[in-house]
Amino acid sequence: MGTKYSQLDDINTSNVNTLEPAWTYHTGDIPSSPGLTSFQDTPLLINDNLIVCSVTRKVIALDPASGEERWVYDPKSPPSGSNKCRGVSFWEDRTKASSEHCKTRLIFGTSDYRLIAIDADDGKPCAEFGDQGIVKMQPSKPEIFPGEVSALSRPAIVNGVVVVGSTVADNQRRDAPSGKVLAFDAKTGKFKWSFDPVPRDPNDDASDTWQEGVPENGGGNVWSGMVVDEQLDMVYLPTSSPSLDFWGGDRPGNNLYTDSVVALHGATGEVAWHFQTVHHDVWDYDLPTPGLLIDYPMNGELIPALVQNTKQGLIFIFDRKTGEPLIPIEERPTPQTGAVDDEQLAKTQPFPVGMPTIAPQGFSLDNLWGFTPIDKWLCKRQAEGLNYGDIYTPPSTKGTIMLPSPSGGPDWGGGAYDPNSHIMIAGVNTVAMILTNTPREQAKTVSNAPGDLSAGFDFANQGSPYVTNIKPFLSPLGAPCTKPPWAKLYAVDLVKKEILWEAPLGSIEKLAPLPIPWKLGTPSVGAPLVTAGGIVFIGYTLDHKFRAFDIKTGEELWDAELPAPATSTPITYHYRGQQYIVIPAGGHSMFQTELSDSVMAYKLPKPK
């Protein structure tokens, strides 16, 4: 369902402040190779094992009570530009007896674009799946470097069909590999179907939204994961932007099915319905998170619904069977000036009507902030030389202040939902970035690995007339030029359509020259967990803290110090009479934090 909700309530608002460490496990996996590294796993309790997936996609089984290692499966996933694993999936073969090997199996992808199935109890490959447990998936064209196409998020499984998304390296070339979604038989690994979010068939109605005909562009991939409704036999894709992210001069039109929620029939891969959340994306405002499948109260009945969060802080709600919007959507005019000469912007963008937004909707000089009047003035002077304005102000050659940034708003962690109170919880970044498209003949040598965060990232964009740089909008002191808090935790009542509370998410004590616990919020990534005990658990912050909030009031009830930031999803489970809370804490190299290989578990103390 993707709701990140647990019905467990042993740990609740009355006792969460007594949580204590239960155990710590170290994966031994911190890559020394270059590339983005972030321990973004969502652990999984299956049968009698707690399953963890490390940053190089080692799958590890632990004793749920002690954290003791039981077995490790190493897929020999080679180093890549993105060292992370966002979890593994499981499937039960109901045709097998309980004693047969691979009755319950774990299925996951790798950095070199393989799909692997192993037994959930002993970690050994499922010989009947593909070639001795492995299916080698094929990119649509030869890679220009190893790992240009990879499978880092957990596959979706709908009625025995494994649906696999992909990560396609951003902004390397305009004719990037396809972001096609592949489907395989969960028992045998046999290929079933594929779906390309960039339509290649001129008879597909979506091809009309690519005004120059069948495109050469790639991307549109599903990198963050998917959710399924097995009763409807549907899998729901959150697609990303086409190549290139920040320039679309070679792809005029709205560019369906990219930047869209796409519902596919699990058995065939045929499109059931779709909705595009961004037309002709040149902001990298792709859909960063799977939808939330909920029962939405409306007109006296519960409607099976899909809630889709976006980087822009917009909240869309659809009937997940038909795609009909349950919250009205209107097309609104968006900024049209300042784009590069060869860009053809969409004149309008879709906005949900009546639902609050959970991210800033543009930048103005009123957003400026500084620790001192001097650095605020320096931020103002910098801003005055750049483009800025309402959301969807386009990239430019002199630089555009983007708020929300391509990192959100909400990012891959998305929201968590309590079905009893109808409250959705989401962590949100509020730091602006500066995006500059420099004509290629004027550009300096580019590097995707900056020595410091203030330099940002350069993207070569091979085959385009521009080189792109994107960097945070910082003062000379290294602090964001926009008002804090720089990250927030939001609680939204989806039925009443109102924000119930918001709280700063994170302290600057690990970032400032002096360790002052000033809760100004720290931009990062991660996901919340909501429980029936009335608790929101979340890591996310760069201050190394794991926190618990009261879902009704936003009061912070508990925190624990971690060895590194937890850019992951916490889970909870009941095992041998005890409720546990577990979170991977590994940091994130993009934010230049400490890195760790720790999995941390907490429980209530034993009664005296």
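P404 sits in the loop between β28 (400-402) and β29 (415-418) of this predicted model, and the peptide bond that joins L403 to P404 is cis, with omega at about 5°. The loop between β28 and β29 also holds G409. Here too the backbone goes cis, this time between G408 and G409, where omega comes out at about 20°. As a reminder, most peptide bonds are trans, and most residues other than glycine have a negative phi.

The phi rule has its exceptions in this chain as well. D284 is not a glycine, yet its phi is positive, at about 60°. D284 belongs to the loop between β22 and β23 (292-298). Is D284 buried or exposed? With a relative accessible area of 9%, D284 falls under the 20% cut-off and therefore counts as buried. N461 behaves in a similar way on the phi axis: not a glycine, but with a positive phi of about 50°. N461 is placed in the loop between β32 and β33, and its relative accessibility of 1% makes N461 buried.

L403 and P404 turn up again in the lining of the largest cavity, along with W283, Y285, G389, D390, I391, Y392, T393, I401 and M402. This void has a volume of about 50 Å³. Its wall is made of eight nonpolar residues, two polar ones and one charged one. In total, two cavities reach 30 Å³ or more. The second largest has a volume of about 30 Å³ and is enclosed by S153, R154, P155, G165, V222, G225 and M226. The classes in that lining come to three nonpolar, three polar and one charged.

Y392, one of the residues lining the largest cavity, also has a part in the packing of the chain. The largest nonpolar core contains 28 residues, and Y236 and Y392 have the most contacts inside it. Which elements give two or more residues to this core? They are the strands β20 (234-238), β21 (260-265), β22 (271-276), β25 (315-319), β31 (433-439) and β32 (457-459). Leaving aside residues up to four places away in sequence, Y392 touches T277, V278, W283, Y285, Q312, L314, T334, P335, Q349 and F351. Two of these partners, W283 and Y285, line the largest cavity together with Y392. As a general backdrop, nonpolar side chains in soluble globular proteins tend to be buried together.

Now for the open space. The second largest pocket has a volume of about 1,600 Å³. Its lining takes in 49 residues, with M1, G2, L44, F90 and R154 lying nearest the centre. Two or more lining residues come from each of β1 (5-6), β4 (44-46), β9 (89-92), β14 (156-158), β19 (227-229) and β40 (571-575). Of the elements involved, β9 gives the most, with four residues. By class, the pocket wall splits into 23 nonpolar, 18 polar and eight charged residues. R154 has a second role in this picture, as one of the residues around the second largest cavity.

How many disulfides does a search of the whole structure find? The count is three, and with the bonded cysteines numbered in sequence order the pairing reads 1-2, 3-4, 5-6. One of the bonds joins C53 to C85, with an S to S distance of 2.1 Å. Its torsion about the S-S bond is 105°, and the link is right-handed. C53 is in strand β5 (residues 49-53), while C85 is in the loop between β8 (82-83) and β9, so the link bridges distant parts of the chain, 32 residues apart. C53 is buried at 1% relative accessible area, and C85 is buried at 3%.

Another disulfide pairs C102 with C126, the sulfur atoms being 2.0 Å apart. The torsion about that S-S bond is about -95°, so this bond is left-handed. C102 is in the loop between β9 and β10 (104-109), and C126 is in the loop between β11 (114-119) and β12 (134-136), 24 residues apart. Both C102 and C126 are buried.

The remaining bond runs from C379 to C481, with an S to S distance of 2.0 Å. A torsion of about -70° about the S-S bond makes the C379 and C481 disulfide left-handed. Because C379 lies in helix α1 (residues 373-384) and C481 in the loop between β33 (466-472) and β34 (487-493), this pair ties together parts that are 102 residues apart in sequence. C379 is buried, with 0% relative accessible area, and C481 is buried at 0% as well.

Key:
Residues numbered from 1 in each chain as written. Predicted model: local features only at pLDDT ≥ 70, side-chain atom pairs only at ≥ 80, totals over all residues. Heavy atoms only, no water. Core = buried A, V, L, I, M, F, W, Y, C linked by side-chain atoms within 4.5 Å. Buried < 20%, exposed > 50% of the residue type's maximum accessible area, 1.4 Å probe, protein only. Contact = heavy atoms within 4.5 Å. 1 Å grid on protein atoms, 1.4 Å probe; cavity = no way out; pocket = protein on both sides within 12 Å on 5 of 7 lines; lining within 4 Å. Points joined across faces, edges and corners; volume = space filled by probe spheres on them. Nonpolar A, V, L, I, M, F, W, Y, C, P; charged D, E, K, R; others polar. Disulfide = S-S within 2.5 Å.
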